[in-house]
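Please look at the structure below, which is a predicted model. The explanation takes up one helix and then a single residue elsewhere in the chain.

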Amino acid sequence: MKNFISVHDVSNINALVTKALAYKANPYADRALGADKRIGLLFMNPSLRTRLSTQVAAKNLGMEAIVFNVDKEGWALEFEDGAIMSGNTVEHVKDAAPILGQYFDILCIRAFPSLKNKEEDYSEQVIKSFVQFAGVPIVSLESSTLHPLQSLTDIITIKESFTPSHRPKVVLKWAPHIKPLPQCVANSFAQWVNAWGQADFVITHPEDYELDEQFTKGATITHNQDEALKNADFVYVKNWSTYADYGKIYCNDPSWMLTPEKLEQTNNAKVMHCLPVRRNVELSDEVLDSESSLVTTQAGNRVWAAQAVLAEILKAN
Ligand code: CP
């Protein structure tokens, strides 16, 4: 693996999942692999799980991890080619990225979308610029459109939580939120489940919340959440803002919150969410605090997903 930006960087999802679960059983199996290697984690946005799980994963492989909160401590970066830098930006990515490439063996970037300009966000200019200019492997810690470490974690969590008596039904269910959120987690989950190909995959959301087809193609899409939830084995709850009329909130209907009553329609489904979660807005306390919830296990699995990816990159580079 050269970089880890999307599912397209993975040649065999099941093999990567198996590797992650092997690390879960034996975290220090490859503690010498990253000896004398350094990983840089650049954050342009807040994080709890991604930041700490990637640091733990790097440490398990014997690497040194250094976190840099670019948004708070760094110079404002410019990404436009040919920009006349007479405004607020201080340093061009063309200048900064190769320097970071000299300091680190692997560089990880978190850069959320603006949600103001769809074309700009969906061009993935920030992460692509680091790939172009850093000269070392790049790992996405969530980009403008995708969150691949989260999605690998989600597949790991589904696989380890399911005794395969039948093909699982996996439902990605939109939920309300008070703020417009990126489509990244939903896009990425759809992309990975479709590429994995080992589940009946249904996406349910209110009208006008259609995601980009490049990620959802292959899934069954319905505005009828009750129909979607019938016989579900996994319900992945997530809010996202509108894609077509970009970055808007059209619906805050509380009937889209996942409650115990809604869960009754499922096949005793396990409930997933990437976290952080707005309790009693997206999911009710009763669901989050119940035996049905996988959210803590899921967040714990972030370490093993990151460790499997970093190990693949270390072996290949
Ligand atoms: N799920 C997730 O990416 O969590 P953080 O934003 O806390 O990293």
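On helix H6, the exposed residues Lys128 and Gln132 sit on the face turned away from the buried side of the helix. Helix H6 itself covers residues 125–134, and its buried residues are Val126, Ile127, Ser129, Phe130 and Ala134. Viewed down the helix axis, these buried residues of H6 fall within an arc of 155°, so they line one face of the helix. A general property of helices is relevant to such a pattern. An α-helix has 3.6 residues a turn, so residues three or four places apart point the same way.

What do the buried residues of H6 pack against? Their partners are helix H4 (93–103) and four strands: S1 (38–43), S3 (77–78), S5 (106–110) and S6 (138–140). Just after H6 comes Gly135, whose phi is positive, at about 75°.

The second topic is Asp226, a residue of helix H10, which spans residues 225–229. Is Asp226 buried, partly exposed or exposed? Its relative accessible area is 36%; because buried means under 20% and exposed means over 50%, Asp226 counts as partly exposed.

Apart from neighbours within four places in sequence, Asp226 is in contact with Lys262 and Gln265. With Gln265 there is also a polar contact between the side chains, 3.1 Å in length. Trp256 lies 30 residues from Asp226 along the chain, and the C-alpha atoms of Asp226 and Trp256 are 9.9 Å apart.

How values were computed
Residues are numbered from 1 along each chain as its sequence is written. This is a predicted model: local features need pLDDT of at least 70, side-chain atom pairs count only at pLDDT 80 or more; totals for chains, interfaces and linings use all residues. Side-chain values use heavy atoms; hydrogens and water are left out. Helices (H or I, at least four residues) and strands (E, at least two) are DSSP runs, numbered from the N terminus. Buried means under 20% relative accessible area, exposed over 50%, partly exposed in between (1.4 Å probe, protein chains only). Contact means heavy atoms within 4.5 Å. A polar contact is a pair of N or O atoms within 3.5 Å; within protein, one must be able to donate a hydrogen and the other to accept it, and residues adjacent in sequence count only if both atoms are side-chain atoms. The arc is that of the directions from the helix axis to the C-beta atoms.
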